[in-house]
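Reader: I am in my first year and still learning to read structures of this kind. Could you take me slowly through one part and then show me what surrounds it?

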Amino acid sequence: MPRVSEAHLAARREQIIEAATRCFLRNGFHQTSMQDVIKEAGLSVGAFYRYFDSKAALIKAIAGEKISVVQATADHLLAQDPAPPLLAVIDDLLRQIDVNLTDDGTVRIAVQVWGEAVHDPQFAALIAEIYGKIRGNAVALAQRAQENGQVPADADPGAIGSAIFGLIQGYILQRVLVGKIDRDTYMRGIDALMGAGRDHR
């Protein structure tokens, strides 16, 4: 029996991830069964379970792909010398959110999974792992801004990174659940808040 190439395995795995993404966006995470994803992918049950054994595993794979994009953006920003203004950093991160907020974008799946994490320990642990990495990137960006004099020397980079992470999550929730907000408006609000903080120190 001929050996299956790594390229074939990777292509089949991506085929399943894309099928799961379509199902989750169309029917919602909770209403999508593994059988729905198998049918969407056009595979046999045996072939499917060779790659994924649960919806949690699928979500982890989908999120992993998107996190790699966020991490690449953060790495690019961290590598710039001099460091870009912190507002520009946040704007770049939000731009990545915009790219994935279309009707077929995976950010909408993230909001569904947050709801599941409230009462499902497995998903809670998964969310903590995934978003812990993103918050870690935000902390590293805050440390870089501090090193370049953009942030007071006595500030806590961990606190700043957490706040940046919260701004990103808040943007997602407003775009998905409330609407009527765009990145330029959001960034003007952040700029005004930062200015208010400077004015009252």
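**A close look at Gln-31 and the helices around it**

Author: Gln-31 is exposed, because its relative accessible area is 57% and the cut-off for calling a residue exposed is over 50%. Please keep in mind throughout that this is a predicted model. As for its place in the chain, Gln-31 belongs to the loop between H1 and helix H2, the latter covering 34–41.

Let us look at the helix before that loop. Helix H1 takes in residues 6–27, which makes 22 residues, and it reaches 32 Å from its first C-alpha to its last, close to the 32 Å expected at 1.5 Å a residue. Several of its side chains can be picked out on the display: Leu-9, Ile-16, Ile-17, Ala-19, Ala-20, Thr-21, Cys-23 and Phe-24 of H1 are buried, whereas Gln-31 in the loop is exposed. After H1 comes Gly-28, and the phi of Gly-28 is positive, near 90 degrees.

From Gln-31 we can step to another part of the chain. Val-111 is 80 residues apart from Gln-31 along the chain, and the C-alpha atoms of these two residues are separated by 15 Å. Val-111 is one of the residues with which H6 touches H8: on the H6 side the contact is made by Val-107, Arg-108, Val-111 and Trp-114, and on the H8 side by Gln-169, Ile-172, Leu-173, Val-176 and Leu-177. Sorted by class, the residues of this contact are seven nonpolar, one polar and one charged. The axes of helix H6, residues 107–117, and H8 come within 10 Å and cross at roughly 100 degrees, so H6 is roughly perpendicular to H8.

H8 also meets another helix. The axes of helix H5 (residues 86–99) and helix H8 (residues 157–178) come within 11 Å, and they cross at roughly 35 degrees; H5 passes H8 in a right-handed crossing. Here Leu-86, Ile-90, Leu-93, Leu-94, Ile-97 and Asp-98 from H5 meet Ile-164, Leu-167, Ile-168, Tyr-171, Ile-172 and Arg-175 from H8, and the contact has ten nonpolar, no polar and two charged residues. If you select Ile-172, you will find that this residue of H8 takes part in the contact with H6 and also in the contact with H5.

One last detail lies in the loop between helix H4 (55–79) and H5, where Pro-82 is placed. Asp-81 and Pro-82 are joined by a cis peptide bond, with omega about 5 degrees.

Note on methods
Residues are numbered from 1 along each chain as its sequence is written. This is a predicted model: local features need pLDDT of at least 70, side-chain atom pairs count only at pLDDT 80 or more; totals for chains, interfaces and linings use all residues. Side-chain values use heavy atoms; hydrogens and water are left out. Helices (H or I, at least four residues) and strands (E, at least two) are DSSP runs, numbered from the N terminus. The expected span of a helix is 1.5 Å times one less than its number of residues. Buried means under 20% relative accessible area, exposed over 50%, partly exposed in between (1.4 Å probe, protein chains only). Axes are lines fitted to C-alpha atoms, for helices over the stretch in contact, and angles run from 0 to 180 degrees between N-to-C directions. A crossing is left-handed if the near helix is turned anticlockwise from the far one by less than a right angle, and right-handed if clockwise. Contact means heavy atoms within 4.5 Å. Ala, Val, Leu, Ile, Met, Phe, Trp, Tyr, Cys and Pro count as nonpolar, Asp, Glu, Lys and Arg as charged, and the others, Gly among them, as polar. Angles under 35 degrees count as roughly parallel, over 145 as roughly antiparallel, 65 to 115 as roughly perpendicular and the rest as oblique.
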